[in-house]
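Work through the following exercises with the model open beside you. Each task is followed by a solution in steps.

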2 protein chains.
Amino acid sequence: MPESNESSAQEATPATSRRRFLLTGGALGLGAAGAAAAAAGIHAVAPTREPAAPGDRVPFYGEHQAGIATPEQDRLAFAAFDVTTTDRTALMALLGSWAAAASRMVNGQEIGSVETHPQAPPVDTGEAMGLGPARLTVTVGFGPTLFDDRFGIADRRPAALEPLPSLPADLLVPERSNGDLCVQACSDDPQVAFHVIRNFARIARGRAVMRWSQLGFGRTSSTSQAQATPRNLMGFKDGTNNIKREDLAAMDQHVWVGSETDQPWMVGGSYLVTRRIRMMIESWDADFLADQEAVIGRTKIVGAPLGAEAEFDTVDLAAMRDGQPVIPMDAHIRLAAPETNGGVRMLRRGYSFTDGTDPATGQLDAGLFFIAFQKNAHEQFVPVQRRLGQSDALNEYIKHVGSGLFAIPPGLSGPGDWYGKALFT
Amino acid sequence: MPESNESSAQEATPATSRRRFLLTGGALGLGAAGAAAAAAGIHAVAPTREPAAPGDRVPFYGEHQAGIATPEQDRLAFAAFDVTTTDRTALMALLGSWAAAASRMVNGQEIGSVETHPQAPPVDTGEAMGLGPARLTVTVGFGPTLFDDRFGIADRRPAALEPLPSLPADLLVPERSNGDLCVQACSDDPQVAFHVIRNFARIARGRAVMRWSQLGFGRTSSTSQAQATPRNLMGFKDGTNNIKREDLAAMDQHVWVGSETDQPWMVGGSYLVTRRIRMMIESWDADFLADQEAVIGRTKIVGAPLGAEAEFDTVDLAAMRDGQPVIPMDAHIRLAAPETNGGVRMLRRGYSFTDGTDPATGQLDAGLFFIAFQKNAHEQFVPVQRRLGQSDALNEYIKHVGSGLFAIPPGLSGPGDWYGKALFT
């Protein structure tokens with residue numbers, strides 16, 4: 001896929017931005033778009049700098065939301081929100097304001113003027129001024145709980161958004177899990193990514209509160225053939241056999257929601273599973289090299305499947321040596337392989353994290369913030385993780401402590417569209 | 001200062017690295033350097049890749065430790081450790097092993113082979129393989145508590161390492177404060193910086209434990225005339241009037257310990273103060289622009305002193321308008337200015353942080369991890385912070401929740417030298 005969002009020619013110039021937001025407000029069917037704008041803290045826009053150079057920008061509008069097929073950026077800021085208003089219109093206005101803000105930030109523009117009026121708070125918090133977007137993408141999703149009886153959309157919940165079941169080895173902490181809404185902000189500059197979730201939280205005031213958040217400091221997958229495979233905090237290359245954006249057939253088969261959905265508003269969307277996977281770093285670091293490689297099923301330095309030579313060599317699950325499988329029966333790559341999971345694949349897009357030390361033990365609170373996009377998590381993530389949770393040799397060294405499932409609606413068609421417009425209208 | 005560490009010609013090649021470590025071990029005066037190496041988890045070294053290109057490297061050896069006058073890198077990983085052994089030789093061996101490891105990592109090399117033996121843990125944890133050093137610096141220091149009666153160095157404690165007094169507005173949390181040892185790892189790649197504190201913790205096992213740690217995602221100062229002034233999370237440019245490395249006279253006057261010290265082993269060193277300063281982001285973001293600018297004393301977008309036009313214009317503290325000072329009496333830049341503090345200056349080298357949300361309030365746990373280097377914190381940081389803690393208008397929006405004071409010994413002279421060698425021998 002050359003680029004899932006190809007409407008860069010439609011990107012608003014500064015001069016049209018105010019009109020765009022008014023259109024956005026108008027598209028909400030609200031009588032007073034100006035009032036909604038004011039309530040959202042988004043006033044008339046007067047950008048303080050030029051849009052960034054195109055090479056630094058990822059197009060915002062298109063068939064799919066950016067941040068999925070986009071080549072994985074280096075840094076992540078992720079947040080889940082709980083909606084506190086019970087007013088459907090207020091929720092719609094929030095999603096419209098988020099869309100208007102995101103459409104500006106991905107161009108390296110403030111969400112509104114910093115200098116509107118001395119006796120008013122600046123519209124934008126300002127810490128990203130001058131940084132450029134650094135390939136910023138903003139990806140918004142809806143959790144299962146958004147479809148309860150508060151907003152009149154209970155009958156619009158896709159079957160695929162049934163909450164995730166309990167899975168073997170789960171040690172989930174509620175305060176690190178779930179949420180009504182989510183936002184994934186990815187950029188090559190962490191301050192640009194943080195700026196998104198901070199300003200989204202600010203725009204949401206009175207309507208939604210942050211439930212949990214997570215920074216990721218290094219990507220752990222490649223989502224394009226043009227990217228080298230990075231290493232996770234276990235020191236192993238991660239995501240070698242990930243779906244690549246260039247494989248359009250695989251994207252359609254495994255990632256994008258198509259006509260099979262029971263909810264047409266989700267066509268062109270995807271389902272996001274997040275898992276905060278803490279690594280027992282200290283135990284792992286004391287493990288022998290041969291055992292580490294047997295646990296993963298790959299060599300550490302090269303990343304080759306055991307028994308092979310190079311990273312991208314075929315994973316030969318049938319290979320035997322001395323009457324034993326070369327890739328152990330409980331090796332992570334065997335249990336996670338499409339070949340042993342009925343062909344199931346996911347687009348992984350995770351990040352390494354560390355949040356200091358665990359006060360209870362003094363050990364590093366670090367690991368992998370797993371992110372995967374897929375057509376249906378109940379048919380992709382769930383069966384694979386059930387198997388991994390039961391049998392994966394890696395379980396000795398990891399704990400799943402946070403979890404989220406979110407429906408990612410399709411991309412916005414242009415100014416005037418907003419997150420979930422087809423769901424609410 | 002062109003570069004405080006100018007011995008790049010002395011950098012070890014891979015072929016000499018084993019010899020270098022043995023020299024380092026020998027320099028400890030230990031009978032069995034090999035045993036010390038093994039205990040440290042540092043075996044014979046067999047680098048898995050070439051040293052990085054020189055442009056990506058900061059020289060390790062020199063008069064001063066790198067990471068002070070070095071142009072501030074983009075990302076930080078900081079950790080404080082408590083020593084658990086009471087064996088002076090074991091502490092010395094730890095400091096030697098840290099020096100050996102750091103001298104390799106700053107060249108983009110693993111601290112030791114990942115492939116030593118299949119039935120042994122890899123020496124290096126591996127997650128930085130292939131990343132290059134990205135201007136990595138490693139800066140090690142000693143807290144006041146290291147000079148108690150455990151290691152026979154109580155009489156070597158500099159007067160300047162007297163613990164910091166209680167200061168106005170302090171809300172310090174012991175678990176985020178102090179420590180026997182510290183390491184500041186700075187790099188343009190956060191995974192490279194994290195790799196240092198993780199491997200330092202691993203090397204320390206059985207001798208020291210991590211007490212607290214802090215990631216910083218964006219620099220908030222410039223320490224070179226070649227760097228633009230960054231913005232902190234208040235959206236203001238920070239560090240405009242910082243000491244710049246090129247100002248050799250200011251570095252000697254304010255930063256480097258000279259012959260005035262009561263402890264000759266500190267000549268060429270410096271004193272590091274860290275403060276974890278939480279910003280009350282939500283309150284700040286609701287404040288009017290004019291008030292924000294009055295609190296700081298500068299304009300938000302340009303960063304000019306109030307009453308002036310450009311960022312680097314002179315701060316005119318005497319200017320009056322309508323009978324009132326143009327820069328308010330309680331403005332941060334007035335109270336922190338050298339002109340109102342008897343000429344006192346510090347080299348600031350801080351970073352923005354966020355550690356998710358505060359579970360008690362749902363608000364962002366974010367702010368500034370303040371780092372300042374100076375000749376004597378009791379004559380520089382303490383009087384300035386006493387004044388700020390009493391009167392700074394900014395106090396409504398910040399809380400000092402963590403604090404550390406560390407003596408940073410001078411730079412290592414070459415292979416065979418180690419952190420604090422002149423202190424212990």
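**Exercise 1. Contacts and burial within one chain**

Task: Among contacts in chain A between residues at least 6 apart in sequence, what share joins residues at least 24 apart?

Solution. In this predicted model, 78% of those contacts in chain A join residues at least 24 apart. Next, take the secondary structure: chain A has ten helices and twelve strands. Finally, take burial, for which the cut-off is a relative accessible area under 20%. Of the 425 residues in chain A, 64% are buried.

**Exercise 2. Two annotated ranges**

Task: Describe the two ranges of chain A that carry a UniProt domain annotation.

Solution. Start with residues 65–217 of chain A, which the unreviewed UniProt entry annotates as "domain: Dyp-type peroxidase N-terminal". Over this range the chain is 21% helix and 20% strand, and the end C-alpha atoms are 22 Å apart. Then turn to residues 229–411 of chain A, annotated in the unreviewed entry as "domain: Dyp-type peroxidase C-terminal". Here the chain is 20% helix and 25% strand, with 27 Å between the end C-alpha atoms.

**Exercise 3. Two residues of chain A**

Task: Are Thr274(A) and Ala128(A) buried or exposed?

Solution. Thr274(A) is found in strand S6, residues 270–279 of chain A. Its relative accessible area is 0%, so Thr274(A) is buried. For its surroundings, leave aside the neighbours within four places in sequence: the contacts of Thr274(A) include Phe78(A), Trp212(A), Phe369(A), Phe370(A) and Phe406(A). Ala128(A) is found in the loop between helix H3 (88–105) and strand S2 (137–142) of chain A. With a relative accessible area of 7%, Ala128(A) is buried. As a distance check, Ala128(A) and Met234(A) are 106 residues apart along the chain, and their C-alpha atoms are separated by 32 Å.

**Exercise 4. Two helices**

Task: Check the span, burial and N-terminal contact of H3(A), then do likewise for H4(B).

Solution. H3(A) has 18 residues, which at 1.5 Å a residue should span 26 Å. The end C-alpha atoms of H3(A) are 26 Å apart, in agreement. Since 16 of its 18 residues are buried, H3(A) is largely enclosed by the rest of the structure. At the N-terminal end, Asp87(A) acts as a cap, with a side-chain oxygen 2.8 Å from the backbone nitrogen of Thr89(A).

H4(B), residues 190–203, has 14 residues and reaches 20 Å from first C-alpha to last, close to the 20 Å expected. Of these residues, 13 are buried, so H4(B) is largely enclosed by the rest of the structure. At its start, a side-chain oxygen of Asp189(B) comes to within 2.8 Å of the backbone nitrogen of Gln191(B).

**Exercise 5. The pair of chains**

Task: What turn and shift lay chain B on chain A, and how much area do the chains bury between them?

Solution. A turn of 180 degrees with a shift of 0.0 Å along the axis lays chain B on chain A, with an RMSD of 0.0 Å. This is the relation of a two-fold axis. In chain B, the C-alpha nearest the axis belongs to Asp355(B), 3.2 Å from it. Both copies use the same surface, as 100% of the contact residues of chain B recur in chain A.

For the interface, the contact takes 53 residues from chain B and 53 residues from chain A. The chains bury about 4400 Å² between them, 63% of it on carbon and sulfur atoms. Arg198(B), Asp285(B) and Ile301(B) supply 14% of the area that chain B buries against chain A, more than any other three residues.

Definitions and conventions:
Residues numbered from 1 in each chain as written. Chains lettered and ligands numbered in written order. Predicted model: local features only at pLDDT ≥ 70, side-chain atom pairs only at ≥ 80, totals over all residues. Heavy atoms only, no water. Least-squares fit on C-alpha atoms with pLDDT ≥ 70 in both. Contact = heavy atoms within 4.5 Å. Helix = DSSP H or I, 4+ residues; strand = E, 2+ residues; numbered from the N terminus. Buried < 20%, exposed > 50% of the residue type's maximum accessible area, 1.4 Å probe, protein only. UniProt positions renumbered as here; feature names shortened; annotations may be inferred. Expected span 1.5 Å × (residues − 1). Polar contact = N/O pair within 3.5 Å; in protein donor to acceptor, adjacent residues only side chain to side chain. Buried area = accessible area lost by both parts, 1.4 Å probe.
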